[in-house]
Amino acid sequence: MEQNKYALVTGSADRIGKSIAIQLAAMGYHVVVHYKNSRKKAEGLKKEIEGMGRKVHVMQFDFLQTNDFDRLFADLKAQQIILEVLVNSASDFVPSGFDDLGDTMLSKQIKSNFDGAYLLTKSFARIFGEGSIINILDTKVTKDRTGHLDYILSKKLLGEFTRISAVHLAPTIRVNAICPGLILPPEGKDEQYLLDLASGIPLQRIGSVEDIQRTVQFLVESSFVTGQFLYIDGGEHLAL
Ligand SMILES: NC(=O)c1ccc[n+]([C@@H]2O[C@H](COP(=O)([O-])OP(=O)(O)OC[C@H]3O[C@@H](n4cnc5c(N)ncnc54)[C@H](OP(=O)(O)O)[C@@H]3O)[C@@H](O)[C@H]2O)c1
């Protein structure tokens, strides 16, 4: 890795995104921490990563409001911040289903979970031109369940875009996906919620952010790997 290379992790103030940012810092990257609402947590992470001897740039944007990432990346470049890794982890996980009226939720979920990653990928390619992109999907992309209909449609779309961009952006940019399973409970649920669900998957346990961190390290370091989807899900994608 060249000196002064940065990794941008979207939605990295907390939870899985935070663990990915810390992993990339441990691998030697300086980090661009992105948040939407969690400013204090983003500032806390900045201190933590600076304590690891890396530089940190914090940025705020909401995919529902912001779409000019060419300008944003050009500003970074002007400050000598050269992105080598982009991890699209930010996402909005909202239940919705077939009986809901209209398409407002679909539009919001596509904007939060697909459009942001799509636009950032294209700007990353235009402004920086080389490196590695990881899209965080969900093991549920393999299923056709409707409990989070609009969320899962947005993740399936990001999965298709992962494949298309892996081909289009080669050989200078590699694009891969991680599909987590039961890692952290969603808002309003506790670990017992995940443990109950775990009885229905092959490995019968939940995973951890360390499982995701190891996978990020593998994908960033594996220069002959592109277009892969890695299911970090205890075999959930194989279960009915
Ligand atoms: N948790 C799991 O076990 C699990 C399982 C399967 C897949 N995943 C995937 O793994 C990734 C990380 O999961 P997580 O549970 O850590 O995520 P999360 O806590 O649900 O969300 C991550 C961050 O995304 C940001 N965000 C939400 N909407 C946004 C928008 N419109 N514009 C910009 N940022 C926005 C929020 O930032 P602020 O807090 O700053 O507002 C939020 O903290 C996600 O892509 C998720 O779909 C997670």
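Contact here means heavy atoms within 4.5 Å. With that in hand, welcome to a quick tour of this predicted model. At its centre for our purposes is an open sheet of seven strands with parallel pairing, in the order 3-2-1-4-5-6-7. Helices pack on this sheet, helix 5 and helix 7 among them, and several helices also pack on one another, as the contact between helix 1 and helix 7 shows.

**The sheet**

- Strand 3 (56-60) and strand 7 (229-232) are the edge strands; each has a single partner strand, so one side of each has no neighbour in the sheet.
- From one strand to the next, the twist averages 20 degrees.
- Strand 1 (residues 5-9) runs parallel to strand 2 (residues 30-35), and four bridges join the two.
- If you would like a landmark for that pairing, look at A7, whose bridge partner in strand 2 is V31.
- Helix 5 (residues 149-169) packs on the sheet and touches strand 5, strand 6 and strand 7. The direction of helix 5 makes about 155 degrees with that of strand 6.
- Helix 7 also packs on the sheet, touching strand 4 (82-88), strand 5, strand 6 and strand 7. Its direction makes about 165 degrees with that of strand 6.

**Strand 6, an enclosed strand**

- Strand 6 (residues 173-180) is largely enclosed by the rest of the structure, because eight of its eight residues are buried.
- I173, V175, A177 and C179 point one way from the strand, while R174, N176, I178 and P180 point the other way. Both sets are buried, so the charged-looking names in the list should not send you searching at the surface.
- Strand 5 (residues 131-136) pairs with strand 6 in the parallel sense, over six bridges.
- Within that pairing, N135 has A177 of strand 6 as its bridge partner.

**Helix 1 and its two partners**

- Helix 1 (residues 15-26) packs against helix 2 (residues 39-50) at an angle of about 20 degrees, and the axes are 10 Å apart. Angles under 35 degrees count as roughly parallel, which makes helix 1 roughly parallel to helix 2.
- The crossing of helix 1 and helix 2 is right-handed.
- On the helix 1 side, the contact uses K18, A21, I22 and A25; helix 2 supplies L45, E48 and I49. By class, these residues are five nonpolar, no polar and two charged.
- Helix 1 and helix 7 cross at roughly 45 degrees, and their axes come within 9 Å. These two helices are therefore oblique to each other.
- The crossing of helix 1 and helix 7 is right-handed.
- I16, S19, I20, I22, Q23 and L24 of helix 1 meet V209, I212, Q213, V216, Q217 and V220 of helix 7. That contact divides into eight nonpolar, four polar and no charged residues.
- I22 is worth finding in the viewer, as it appears in the contact with helix 2 and in the contact with helix 7.

**Helix 3 against helix 4**

- Helix 3 (residues 69-78) and helix 4 (residues 104-127) have axes 9 Å apart and pack at an angle of about 45 degrees. The pair is therefore oblique.
- The crossing of helix 3 and helix 4 is right-handed.
- Helix 3 brings F69, D70, F73, A74 and K77 to the contact, where they meet G116, L119, L120, S123, F124, R126 and I127 of helix 4. Seven of the contact residues are nonpolar, two polar and three charged.

**Two residues to look up**

- E221 is in helix 7 (residues 209-221). At 51% relative accessibility, E221 counts as exposed.
- Setting aside residues up to four places away in sequence, E221 touches M27 and R174.
- E221 and S132 are 89 residues apart in sequence, yet 9.3 Å apart in space, C-alpha to C-alpha.
- V225 lies in the loop between helix 7 and strand 7. With a relative accessible area of 18%, V225 is buried.
- Again leaving out residues up to four places away in sequence, V225 touches R174, N176, F218 and L219.
- R174 links these two entries, being touched by E221 and by V225.

Key: Residues are numbered from 1 along each chain as its sequence is written. This is a predicted model: local features need pLDDT of at least 70, side-chain atom pairs count only at pLDDT 80 or more; totals for chains, interfaces and linings use all residues. Side-chain values use heavy atoms; hydrogens and water are left out. Axes are lines fitted to C-alpha atoms, for helices over the stretch in contact, and angles run from 0 to 180 degrees between N-to-C directions. Angles under 35 degrees count as roughly parallel, over 145 as roughly antiparallel, 65 to 115 as roughly perpendicular and the rest as oblique. A crossing is left-handed if the near helix is turned anticlockwise from the far one by less than a right angle, and right-handed if clockwise. Ala, Val, Leu, Ile, Met, Phe, Trp, Tyr, Cys and Pro count as nonpolar, Asp, Glu, Lys and Arg as charged, and the others, Gly among them, as polar. Buried means under 20% relative accessible area, exposed over 50%, partly exposed in between (1.4 Å probe, protein chains only). Two strands pair if DSSP finds at least two bridges between them.
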